[in-house]
Amino acid sequence: MSPLAKSETIRTITTHYIDGAFVESHGREVIDIVRPTDGQVIARVTLADEEDTRRAIAAARRAFATYSRSTPDERARVLRRLHAAASARLDDLTAAMVEEYGGVVRFAGIIVETGINAFLAAEKALQEMPWTRTWDKTTVTLEPVGVAGLITAWNANALFICLKLASAVAAGCTVVLKPSELSSLQTQVLIEALHEAELPPGLLNVVAGRGDVVGAELVRNPDVDKISFTGSVGVGESIMRDGAATMKRVTLELGGKSPTIVLDDANLDQAIPAALGMAFLNSGQACAAGTRLLVPRSRLDSIESTIRDAMRDFTVGDPADPKVAVGPMISQKQYERVQSYIRKGIEEGAQVLVGGEGRPEGLEAGFFVKPTVFVNVKNDMTIAQEEIFGPVLSVIAYDTEDEAIRIANDSRYGLHASVIGTDLERARRVASQLRAGRVVINGMKDDPQAPWGGFKYSGVGREYGRYGIEAFVETRAILES
Ligand code: NAD
């Protein structure tokens, strides 16, 4: 048996989670969930329609009448219960991400754990927030914005759901979640887990369905006050436009084309593996992936040979194998998208240093691509400007520090950036000039209290910690004369 072959039981999901219970779908459309390692159907899922969505919104609206009046302490208890319930299924959640999404197990566990920890991070932020401030005869309170529609992408399902849910619940909002239909198995495990938290009915509702059906209903329905979205720029634009008709508050977490600047004093044996790790994060299907590597031209030769050596550690294969660094793409469509960008890079004159078109040897069945590094890339090439969402890295040479900063900022995106160098003061100086929502120095770092979100086309608003909760509140001032 091939190491990738798995049991062939096809699971079925026919329910949505509405008003505290799993209820049969009103929608009748059924889709197949396909395992990315071998293209086999592993589940059939009945999708929600507008009617399911409206039922979920009505349940959230009813629950809001009570939950919006909860105290911060009561909400802190809800967050602790959610954390305990999700923690109990950590291993199942990781396994589902490996199977359904093809996430490499050594990273999937981190993603899931970060999601689960978001409940405690939100609790900490909630305890520190000034829910009521009074001066003279004025009192300002933070009030929940209302029913929140949460719409998520497929590449880190548990993380997005937990993160958005934690912030919304901390603020006193009730929720209708529309996860990506490509993450149905992962969502099912997570919602089964969260059901054990025994939340008030209607606080959390989940309707899995198409974006242009369920997502569109959430965006247009006047009983939804806020949309928090993670996904592509195109859909983000439509949410902002269509949401305007009902004056929706929106948070948009969109794409990226993140630069990693290697300064000329960097230790290459540390800098290059770190930079490749950021480029191939979550098999390159990561909004934060550092897909533009900016390197000093004076050290280009040694950088290219260090990349070639370091790439041996970025093995592609069965995502369940802890030694594997890059798994398959999620779907045939995503596989073809990555291939088309690799072809485009070659046509526009970039040179393949490692990887290239086609499937890696021995991995012909699934949606595997070759982790690819391009050199001789100019920043105005398509592969340096557009988000590929796969393991494709563009190496771009610069002559001066100012030029590196200019190239880094010469992008319509501004989500994440990275600076690697030995002189910390200099690295900080460079970091402070980058137009990105998060900049890391000397390697990937996360902080659940630090804001997450983008400048420019990378989005609107912030998530994580206090900043994430603030996205779900309105301020109300009461003034006495
Ligand atoms: P997508 O925009 O196609 O879909 C995202 C979600 O929106 C899905 O649930 C989808 O069903 C829904 N949707 C689609 N059409 C809709 C509509 N008309 N109205 C409402 N909802 C609709 O994105 P994707 O392919 O799932 O995810 C990949 C994208 O997500 C990439 O661009 C990536 O950069 C971005 N992303 C951003 C972040 C971040 O934190 N900034 C994180 C992960 C992914």
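**A note on the pockets and the ligand**

1. A good place to start is the second largest pocket, which holds about 710 Å³ of space. It is lined by 33 residues, and Phe107, Ile111, Leu281, Ala288 and Met444 are the closest to its centre. Please keep in mind throughout that this is a predicted model.

2. Who builds that lining? Helix 4 (105–128), helix 5 (157–171) and helix 9 (268–279) each supply at least two residues, and helix 4 gives the most, with five. By class, the lining of the second largest pocket has 20 nonpolar, seven polar and six charged residues.

3. Now to the largest pocket, with about 1300 Å³ of space. Its lining counts 44 residues, with Trp154, Gly231, Ser232, Val235 and Lys333 nearest the centre. Helix 7 gives the most to this lining, six residues; strand 4 (30–34) and helix 11 (332–347) are among the other elements that supply at least two each. The lining divides into 18 nonpolar, 13 polar and 13 charged residues.

4. The ligand sits in this largest pocket. Around the ligand are 26 residues, the closest being Thr152, Ser232, Leu254, Cys287 and Glu387. This shell comprises 13 nonpolar, nine polar and four charged residues. Helix 7 gives the most to the shell, with three residues.

5. Do look at the polar atoms around the ligand. A polar side-chain atom of Glu387 is 2.5 Å from a ligand oxygen, and one of Trp452 is 2.9 Å from a ligand oxygen. Thr152 instead offers a polar backbone atom, 2.7 Å from an oxygen of the ligand. Taken alone, the ligand exposes 850 Å², of which the protein buries 86%.

How values were computed
Residues numbered from 1 in each chain as written. Predicted model: local features only at pLDDT ≥ 70, side-chain atom pairs only at ≥ 80, totals over all residues. Heavy atoms only, no water. Near = heavy atom within 4 Å. Polar contact = N/O pair within 3.5 Å; in protein donor to acceptor, adjacent residues only side chain to side chain. Areas by Shrake-Rupley, 256 points an atom, 1.4 Å probe, with all protein chains shown as cover. 1 Å grid on protein atoms, 1.4 Å probe; cavity = no way out; pocket = protein on both sides within 12 Å on 5 of 7 lines; lining within 4 Å. Sits in = over half its atoms within 2 Å of the grid points. Helix = DSSP H or I, 4+ residues; strand = E, 2+ residues; numbered from the N terminus. Nonpolar A, V, L, I, M, F, W, Y, C, P; charged D, E, K, R; others polar. Points joined across faces, edges and corners; volume = space filled by probe spheres on them.
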